[in-house]
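Welcome! Here are a few exercises to work through with the structure open beside you. Try each task before you read its solution.

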Amino acid sequence: ISINGLAQVKHVVLVLSGKGGVGKSTITTELALALVHAGKKVGILDVDLCGPSIPRMLSVGKPEVHQCDAGWVPVYADPQQKLAIMSIGFLLEDSDEAVIWRGPKKTALIGQFVSDVAWGELDILLVDTPPGTSDEHLAVLENLRKHRVDGAVLVTTPQAVSTGDVRREITFCKKTAVKILGIVENMSGFVCPHCSECSNVFSKGGGEELAKLTGSVFLGSVPLDPLLTATLEEGRDFLQAFPESSTYTAISQIVNTVLSSLDA
């Protein structure tokens with residue numbers, strides 16, 4: 001398999017979670033936008049076969065994917081071409097179509113997907129993965145490993161049922177020798193759109209507790225913020241729209257910590 005597509009990619013970061021619905025795609029999108037705001041050139045590889053949501057969150061629709069000599073050409077979310085995206089969603093003929101494939105077919109597509117995208121020069125490639133520790137994860141890892149994997153950001157929600165699943169993901173990282181860059185606690189409290197007070201809907205502190213127990217870095221908490229939800233639904237840049245919010249501060253701090261550990 002050719003790995004030319006990744007030759008000019010400086011860092012590769014996986015976004016993982018043992019559980020579905022914790023907001024991996026949300027965190028991936030916001031990290032990517034924050035990195036672009038920090039002057040980086042960023043790519044998102046969306047390998048969530050059953051629920052590719054990145055195209056919607058970044059409002060790129062369903063463009064035609066072109067091929068060049070080096071492979072598939074990614075789609076850019078911005079006119080400056082600082083944010084490149086490649087999603088399984090672009091390759092499905094019908095966006096309402098369900099992907100009902102057995103393991104080998106999925107693994108083969110992921111292998112091609114990881115190695116055949118002509119990313120060009122990127123500072124960071126974020127890989128939005130499906131939930132769990134399945135074949136797909138191993139396929140992503142095996143194919144990226146031929147180039148490099150700098151580490152993983154793990155996403156959890158505060159309650160014990162989620163942190164338990166993410167603990168298994170930590171074991172997966174340790175067994176496959178993937179460095180854990182840190183844990184993000186998503187949906188950590190609800191920010192009232194009227195008074196900005198934060199109420200703990202799901203409990204609080206599970207992510208931080210998990211980081212302590214496993215000796216991982218706690219990257220920070222991102223609250224449930226209706227403004228963030230609305231911008232993702234509409235495919236707008238939350239960080240540009242609400243730079244004064246506590247959610248903005250949380251995301252920026254997470255990105256700064258990740259950047260300093262990549263540069264370390």
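**Exercise 1. A strand and its partners**

In what sense do β8 and strand β9 pair, and over how many bridges?

Solution. Keep in mind that this is a predicted model.
- Step 1: find strand β9 at residues 180–191; β8 and β9 pair in the parallel sense, over 5 bridges.
- Step 2: pick out one pair of residues here. Val-153 stands opposite Gly-182 in β9.
- Step 3: turn to strand β1, residues 9–16, which runs parallel to β8 and is joined to it by 4 bridges. Val-13 has Gly-151 of β8 as its bridge partner.

**Exercise 2. The faces of β8**

Decide whether the residues of strand β8 are buried or exposed.

Solution.
- Step 1: recall the cut-off, since buried means under 20% relative accessible area.
- Step 2: recall how strands are built. In a regular strand, side chains alternate between the two faces of the sheet.
- Step 3: sort the residues by side. Gly-151, Val-153 and Val-155 are on one side, Ala-152, Leu-154 and Thr-156 are on the other, and all are buried, so both faces of β8 are covered.
- Step 4: conclude. Because 6 of the 6 residues of β8 (residues 151–156) are buried, the strand is largely enclosed by the rest of the structure.

**Exercise 3. Into the core**

Which residues have the most contacts inside the largest nonpolar core?

Solution.
- Step 1: the largest nonpolar core has 73 residues.
- Step 2: those with the most contacts inside it are Leu-45, Trp-119, Leu-125, Val-127 and Leu-154.
- Step 3: follow Val-127 outwards. Leaving out residues up to four places away in sequence, Val-127 touches Val-12, Val-13, Leu-14, Val-15, Leu-45, Val-47, Val-140 and Leu-144.
- Step 4: step back to the whole protein, where 52% of the 264 residues count as buried.

**Exercise 4. An annotated stretch**

Where does UniProt place the feature "binding site"?

Solution.
- Step 1: the unreviewed UniProt entry gives this feature at Gly-18, Lys-19, Gly-20, Gly-21, Val-22, Gly-23, Lys-24 and Ser-25.
- Step 2: locate two of these positions. Lys-24 is in helix α1, residues 24–37, and Ser-25 is found in helix α1 too.
- Step 3: check their cover. Lys-24 has a relative accessible area of 6% and is therefore buried; Ser-25, at 10%, also counts as buried.
- Step 4: list what Ser-25 meets. Apart from neighbours within four places in sequence, Ser-25 is in contact with Ser-53, Ile-54, Met-57 and Asp-128.

**Exercise 5. Two unusual backbone angles**

What is the phi of Ser-59, and what is the phi of Gln-81?

Solution.
- Step 1: start from the usual case. Most residues other than glycine have a negative phi.
- Step 2: compare the two residues with that. Ser-59 has a positive phi of about 55° although it is not a glycine, and Gln-81 also has a positive value, near 55°.
- Step 3: place them. Ser-59 lies in the loop between α2 (54–57) and β3 (67–68), while Gln-81 is in the loop between β5 (75–76) and β6 (83–87).
- Step 4: classify their exposure. Partly exposed covers values between the buried limit of 20% and the exposed limit of 50%. Ser-59, at 47% relative accessibility, is therefore partly exposed, and so is Gln-81 at 41%.

Note on methods
Residues are numbered from 1 along each chain as its sequence is written. This is a predicted model: local features need pLDDT of at least 70, side-chain atom pairs count only at pLDDT 80 or more; totals for chains, interfaces and linings use all residues. Side-chain values use heavy atoms; hydrogens and water are left out. UniProt positions are given in the numbering used here, feature names are shortened, and annotations may be inferred rather than shown by experiment. Helices (H or I, at least four residues) and strands (E, at least two) are DSSP runs, numbered from the N terminus. Buried means under 20% relative accessible area, exposed over 50%, partly exposed in between (1.4 Å probe, protein chains only). Contact means heavy atoms within 4.5 Å. A nonpolar core is a set of buried Ala, Val, Leu, Ile, Met, Phe, Trp, Tyr and Cys residues joined through side-chain atoms within 4.5 Å. Two strands pair if DSSP finds at least two bridges between them.
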